Structure formats: structure tokens, C-alpha cells
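This report describes a protein chain and the two ligands placed with it. Please keep the sequence and the coordinates open while reading.

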Amino acid sequence: MDHKSARAGTGHVRATTDSDIARPSKRSPSSMIVIKLGTSSIVHEETHQPLLSILSSVVETVINLRRHGHKVVLVSSGAIGVGLRTMDIPQRPKSLSKKQALSAVGQGRLIALWDNLFGQFDQRIAQILLTRGDISDRTRYLNAVNTLKELLSMGVVPIVNENDTISVSEIKFGDNDTLSAITSSMIHADYLFLLTDVDGLYTANPRKDPAAKKIDIVTSVADIRAQVSTSTLGSNLGTGGMETKLIAAEIATGAGVTTIITSSKMPSTIVDIIDYYTTLRLSSRPSSGTSSPAPKLQIIDLEHVNVSLNLRRPPHTVFKPSLVPVRDLKAWTSHTLYPAGGVIIDSGAHAVLSRRESGGRLLPVGVLGVRGSFASGQAVRVLIRCLPEGVVPEKSEKRARSTGPDEKTGHVYSEVSLSRTSSSSSLVGDLESDTQTIMDDDMHVMHGSEESDSWEVKEVGRGLANYNSAQISRVKGLNSSRIPQLLGYADTEYVVENITIRIPV
Ligand SMILES: Nc1ncnc2c1ncn2[C@@H]1O[C@H](COP(=O)(O)OP(=O)(O)O)[C@@H](O)[C@H]1O
Ligand SMILES: N[C@@H](CCC(=O)OP(=O)(O)O)C(=O)O
């Protein structure tokens, strides 16, 4: 589609315009739309009875969108919720095996319900149950993409859920917000709609704080985090509350998908929102016969455009998609794969990798150390060192590196000492200890192990390793010309490729 190639762009940065919002019907006849429906919109919070009016309206909306030429994928939660009612269990259980069993009971009924409702319109559906493990292998991932695309081209509505019954922590998405974001990235969707029981992102949980204000437009998920509170959960049945929706928005907008949070109470709002952005975009185009370019409107000025047009703004929060989307292999590496270990880079490498022209490739000279063990081809975290609060280095990173890596022990930092500004206790930061077990997927700041408060490392991105952990450890800090000599071969001069830096310098 023309707007997609424009967004992929030539690499130069331009002002954000309303055209950065995905373009539906009028200009691009077929938009790719992913709609995610949370448990709170599928079953009643207390009785667990299916919310038939919402489900029917979602079906009518999907049928309507399809009539207008759009392609739609539904990500439907609710298996556990439906299972609770089927088995007459009052509370969502805590134990994993019970939740898995309930999901197995509920998923069949849930998909039967969707099939029944869509069947009223002779609309065919397909059930797709995924785990992160299923798509961690590149070939299986591409198969899943192909199947989704094939179903869409056959006019089928795929209905996706996590395969809870076999999901354990290492292979699970954990919540359907993340799954819907990865799904929308897989199929290069134009829109991701996160339908829930509130009509957008608020400054705080509106269930708890009546003074909370709705946020209409988010241009940076990272920035908005500092301005909102998402720490409290919503319904008894939902997973993750607003926090997982922000994570999903970050993944999806990074892949170029306009992400919208809105209420499931009136699913037809989806059509209103698409029309709203279509009209805003069209209104900013030059009138025919004019040679002047379209005005470069900041997204923040959208409401001003709307003031002159006098359009009703349907209630929602929109997250602006990235101007330079991360897609395909890089998106897969960053969000889909479970990282097997980590590579610690120096500040120079971090600065270079933060620039797009770097191509996302890391030379061994920028590597300070390795965490965990991984094989060539596996996904790794890209980590930077950071000092715990109140600790200052006695020697600089440069000095430490000038000691060179000890090829026997692999310890680079054995001579670096740290001291606390508040106390004189000297701590030895040994980044290479085999005893470090820090790879908890949910932790973004990790501690060294020998002295739990000596060094911290922080994840700034992810990439694919070209060599295994032991090999990278051997060549770290060195010029890539040393690779053949030290490893006996050199497939490539880069130790990690396809790096996406999520936290730039
Ligand atoms: N800052 C916030 N803005 C809006 N909702 C919030 C916020 N913080 C927490 N929430 C809660 O998040 C809930 C939606 O998440 P969740 O219950 O997981 O829904 P779903 O089942 O639809 O995924 C809302 O009901 C609301 O109570
Ligand atoms: N896969 C689970 C839903 C997990 C989930 O993320 O739920 P929700 O936060 O309600 O979207 C189920 O079908 O019950």
C-alpha cells in the first residue's frame, strides 16, 4: 500500500502528520485490522455468563468492516472465563493446572459461540491457538504468518487465542494484549483495536480514581509511562490490566500499527474511529489542482483539525505508529523469541547501535561480556552496564578494558572496583561469573551475582547471535580480524545481528 511504503520511508526524519495514522477505506480499500477482546468484555465479571450483546455487536461490526473491504483478525480471550461458568466454579483459580484445565473446557464452548454468531451471517471462522514456543522457530513463525494470510485471502475470520493448555512460563505470551500486538505485527496490520471495559487510557485507574483523566493521543509509549499510573488491575478476570495494553501498544506501534484502546460496550465505535481518521487525513490533503504539498500537521494538532471540521471524536486513546516500523525478522527477534542469554555492550557500541545506519550489527570490539549460554542463531538480550544508585566507579570502563580479556577465565572486569559514595566498601564487579542466574524475562534491571549490589545491567534491545556464548566470550573486546584465529573460522565479522535497540542512548 502506498502509505506503508511512505512510512517505511527513505530514512530521513520528518514531522509527524495526521497521515501517520493508518489510512482505511477511502484511500486504501482494504485495511488489515486486528481486534482484541478481553475477558471482561466476553463474560460477566461475577456470573461468568457470556455477554451476548457485546459479542453479537462485535460480530456485526466485523461483518460491516468486511463488507467495506477490510480484513479482520479477532484475538479473543475468555476461554478460562467460559470454563469457570461451564464447571460452575466461582473464582478464577490460582493454580496453573486448574487454569489450563478450565481453558481446555472453555475454549471449545467459546469458539462454538463465535461460530454460532458468525454463522448467522454465513461468515466462516478459523480457530488459531498459539504459544510463544510455536513461533520461536523462524520456519514455524513463517508458517503461522502464511496460514493467517491464507485464511484472510479465503475470506475467513481467524480467531486467535493463546494455547493456555500447554503454555508454561518459558513459552507463553502471558496475556492476549501482547499476543494481539505480535499478531498485528505478523500480518502488518494497519490497526490494532484493544477493546476493553474502559474507553481508553486514563491518568490513573478510573475504577479507583474518579478524578482520572482520559488521554486522547499518545505519541510515545515510553514518555506516557511516566505520566500515568497503571499499577492497579481491573476486573477479577482480566490479565495485566492497562500495563499489558501499554506493552502491546509499544510492540504494535513499533511495527507501524496504529493502536487504539476503546470500550467494548459499543463495538461499532471501531467503524466510527476508522471514519474519523479517514476524514482527518483527507481533509489535510491539498485540494485538487494545487501543487502545494499536504500540510505537515503534528499529531498533537489533530484536535485542531477536528475543531474546524466539527467532527465528533469517538471516545478512544490512539497510539501513534512508528514512522520507521520494525518489522519481519527484527520484529520477530525482538518480541517473539525467548532470549537465551545476553551480550553486554559498551557505551560506544550502544551509541552506534542506537543509530539506524548501524544496520543493527554488533562487532566484537563493542562487547564487554556475555551472560548465560546460548547457541549461534538464538535470540539474545543486548545489555548495558549501569551503576546502582550511590555507587561510583573507581576506574573507568576504558581502564578496565585496557587490561584485556582473560581468555582462560573470560573475566573482563576482574580489576574494576566500585565504591559507594556513602561508604568506602570496595566491591568487585565480576560480570562473567557462571553463577549468575539473572535471566528472568520480566526483569529489565538485573543484578550481578557475586555481590548482589555490585553491578547492574539493563536490557536496551535484542538481537540474534551469530556465534555461541563461549565464542563471543573469547572474541569480546577484540578486533573482528581476530575471529578466524581465535575461533578457527569466521562466518561473519559481526557477533550479533538484527539488533533492535528499544532504549537508545
Ligand atoms: N491508567 C489506567 N487507565 C485505564 N484503565 C486502567 C488504568 N490502570 C488500570 N486500569 C484498569 O485496567 C482494566 C482493563 O484491563 P483488564 O481488566 O486486563 O481488561 P481486559 O480483560 O479487557 O484485558 C480497566 O478495567 C481498569 O480498571
Ligand atoms: N488466554 C486466556 C486469556 C488471557 C488474557 O490475556 O486475558 P485478558 O487480559 O482478559 O485479555 C483465556 O482465553 O482465558
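## Contacts around Asp 216

Two residues are said to be in contact when heavy atoms of theirs lie within 4.5 Å. The model examined here is predicted, and in it Asp 216 occupies the loop that runs between β5 (191-196) and β6 (217-218). Once its neighbours within four places in sequence are left aside, Asp 216 is in contact with Arg 313, His 316, Thr 317 and Val 318.

For one of these partners, Val 318, the C-alpha atom is separated from that of Asp 216 by 6.3 Å, although the two residues are 102 residues apart along the chain. Asp 216 counts as partly exposed because its relative accessibility is 29%, a value that falls between the limits of 20% for buried and 50% for exposed.

## The chain as a whole

The chain has 505 residues, of which 51% count as buried, and its secondary structure comes to 15 helices and 17 strands. When contacts between residues at least 6 apart in sequence are considered, 77% of them join residues that are at least 24 apart. The area that the chain exposes is about 22,200 Å², and carbon and sulfur atoms supply 51% of this area.

The chain is divided into two domains: domain 1 takes in 32-282 + 303-319, while domain 2 takes in 337-388 + 453-501. The centres of domain 1 and domain 2, taken over C-alpha atoms, are separated by 35 Å.

## The surroundings of ligand 1

Ligand 1 is surrounded by 25 residues, the closest of which are Thr 196, Asp 197, Asn 205, Ser 229 and Lys 245. By class, the shell around ligand 1 divides into seven nonpolar, 14 polar and four charged residues. At least two residues of this shell come from each of β5 and α8 (241-254), and α8 supplies the largest share, with three residues.

Several polar atom pairs can be listed for ligand 1. An N or O atom in the side chain of Thr 196 is 2.7 Å from an oxygen atom of ligand 1, and an N or O atom in the side chain of Arg 207 is 3.0 Å from an oxygen atom of ligand 1. With Tyr 202, by contrast, a backbone N or O atom is involved, lying 2.9 Å from a nitrogen atom of the ligand. Of the 580 Å² of accessible area that ligand 1 has on its own, the protein covers 99%.

## Lys 245 in helix α8

Lys 245, which is among the closest residues to ligand 1, is found in helix α8. Is Lys 245 buried or exposed? Lys 245 counts as buried because its relative accessibility is 6%, which is under the limit of 20%.

The side chain of Lys 245 makes a polar contact, at 3.1 Å, with the side chain of Asp 177. Beyond its neighbours within four places in sequence, Lys 245 is in contact with Lys 36, Asp 177, Leu 194, Thr 196 and Ile 261. Thr 196 therefore appears twice in this part of the model, as a contact of Lys 245 and, under the 4 Å limit, as one of the closest residues to ligand 1.

## The surroundings of ligand 2

Around ligand 2 there are 13 residues, and the closest are Lys 36, Thr 39, Ser 77, Asn 176 and Thr 239. Lys 36 is also one of the contacts of Lys 245. The shell around ligand 2 has two nonpolar, eight polar and three charged residues.

A polar side-chain atom of Ser 77 lies 2.7 Å from an oxygen atom of ligand 2, and a polar side-chain atom of Asn 161 lies 2.8 Å from an oxygen atom of ligand 2. For Gly 78, a polar backbone atom is 3.2 Å from an oxygen atom of the ligand. On its own, ligand 2 has 380 Å² of accessible area, and the protein covers 96% of it.

## Helix α3

Helix α3 (residues 79-86) is largely enclosed by the rest of the structure, because six of its eight residues are buried. These buried residues are Ala 79, Ile 80, Gly 81, Val 82, Gly 83 and Leu 84, and they pack against α4 (96-119) and β4 (157-162). After α3 comes Asp 88, whose phi is positive, near 60°.

Conventions:
Residues are numbered from 1 along each chain as its sequence is written. Chains are lettered from A and ligands numbered from 1 in the order in which they are written. This is a predicted model: local features need pLDDT of at least 70, side-chain atom pairs count only at pLDDT 80 or more; totals for chains, interfaces and linings use all residues. Side-chain values use heavy atoms; hydrogens and water are left out. Helices (H or I, at least four residues) and strands (E, at least two) are DSSP runs, numbered from the N terminus. Buried means under 20% relative accessible area, exposed over 50%, partly exposed in between (1.4 Å probe, protein chains only). Accessible areas come from the Shrake-Rupley method with a 1.4 Å probe; for residues, only the protein chains shown count as cover. A polar contact is a pair of N or O atoms within 3.5 Å; within protein, one must be able to donate a hydrogen and the other to accept it, and residues adjacent in sequence count only if both atoms are side-chain atoms. Ala, Val, Leu, Ile, Met, Phe, Trp, Tyr, Cys and Pro count as nonpolar, Asp, Glu, Lys and Arg as charged, and the others, Gly among them, as polar. Domain bounds come from an automatic or database domain assignment.
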